[in-house]
Amino acid sequence: MILTILSALAEPTRLQAMTILGDGEEHCVCELMERLEVSQSRMSRHMKVLKEAGLVTGRRDAQWVRYRSNPALAPEHRAVVQAVLAVEHADERQFA
């Protein structure tokens, strides 16, 4: 499971999506597309990977899907995600 999580987070767009979803709120795929400047099909593929890794949940709302971080993610898996995000943010600050 850890390798699946790390593999899902290894792609920059997915990592950025997880940063956005880190607030615990639901976010429409349309919002993620706009904020990350990617097409609908590309964003949907990325979210599918995150969902298959167990990192996010989604619910259909008319034509869009709303995603959020998976609240049922095991604590040890959540710790891995938080560690990866913390390292990513530290790298961003270092090179800013």
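## A walk through helices, strands and two unusual loop residues

His46 is found in helix 4, and that residue is a good place to begin our walk. This is a predicted model, in which local features need pLDDT of at least 70 and side-chain atom pairs count only at pLDDT 80 or more, while totals for chains, interfaces and linings use all residues. Residues are numbered from 1 along each chain as its sequence is written, and side-chain values use heavy atoms, with hydrogens and water left out.

Helices (H or I, at least four residues) and strands (E, at least two) are DSSP runs, numbered from the N terminus.

### His46 and its surroundings

Is His46 buried or exposed? His46 has a relative accessible area of 9%, so it is buried (buried means under 20% relative accessible area, exposed over 50%, and partly exposed in between, with a 1.4 Å probe and protein chains only). Setting aside neighbours within four places in sequence, His46 is in contact with Glu11, Thr13 and Arg14 (contact means heavy atoms within 4.5 Å). With Arg14 there is also a polar contact of 3.2 Å between the two side chains. A polar contact is a pair of N or O atoms within 3.5 Å; within protein, one must be able to donate a hydrogen and the other to accept it, and residues adjacent in sequence count only if both atoms are side-chain atoms. Ala17 is 29 residues away from His46 along the chain, yet their C-alpha atoms are separated by 8.7 Å.

### How the helices meet

Two packed helices are described by the angle between their axes and the distance between the axes. Here, axes are lines fitted to C-alpha atoms, for helices over the stretch in contact, and angles run from 0 to 180 degrees between N-to-C directions.

The axes of helix 2 (residues 12–21) and helix 4 come within 10 Å of each other and cross at roughly 75 degrees. The two helices are therefore roughly perpendicular (angles under 35 degrees count as roughly parallel, over 145 as roughly antiparallel, 65 to 115 as roughly perpendicular and the rest as oblique). Helix 2 contributes Thr13, Arg14, Ala17, Met18 and Leu21 to the contact, and helix 4 contributes Arg42, Met43, His46, Met47, Val49 and Leu50.

Helix 3 (residues 29–36) also has its axis within 10 Å of that of helix 4 (residues 40–52), with a crossing angle of roughly 110 degrees. That makes helix 3 roughly perpendicular to helix 4. Val29, Leu32, Met33 and Leu36 of helix 3 meet Gln40, Met43, Ser44 and Met47 of helix 4.

What about helix 1 (residues 2–9)? Its buried residues are Ile5, Ala8 and Leu9. Seen down the helix axis, these fall within an arc of 95 degrees, so they line one face of helix 1 (the arc is that of the directions from the helix axis to the C-beta atoms).

### The sheet

Strands of a sheet pair through backbone hydrogen bonds, either parallel or antiparallel. In this model, three strands form an open sheet in the order 1-3-2, with antiparallel pairing. Strand 1 and strand 2 stand at the edges with a single partner strand each, so one side of each has no neighbour in the sheet. Two strands pair if DSSP finds at least two bridges between them.

Strand 1 (residues 27–28) is joined to strand 3 by two bridges, and Cys28 stands opposite Arg66 of strand 3. Strand 2 (residues 56–61) pairs with strand 3 over six bridges. Among the bridge partners in strand 3 are Arg68 for Thr57 and Trp64 for Asp61. Helix 4 lies across strand 2 and strand 3, running at about 135 degrees to strand 2.

Ser69 belongs to strand 3 (residues 64–69). Ser69 is buried, with a relative accessible area of 15%, and its side chain reaches the backbone oxygen of Leu21 at 3.0 Å. Beyond its neighbours within four places in sequence, Ser69 is in contact with Met18, Leu21, Gly22, Leu55, Val56 and Thr57.

### Two residues with a positive phi

Most residues other than glycine have a negative phi, and most peptide bonds are trans. The table shows two residues with a positive phi.

| Residue | Phi | Loop | Relative accessibility |
|---|---|---|---|
| Glu37 | about 55 degrees | between helix 3 and helix 4 | 73%, exposed |
| Ala62 | near 60 degrees | between strand 2 and strand 3 | 67%, exposed |

Ala62 sits in the hairpin of strand 2 and strand 3, which has two residues between the strands.
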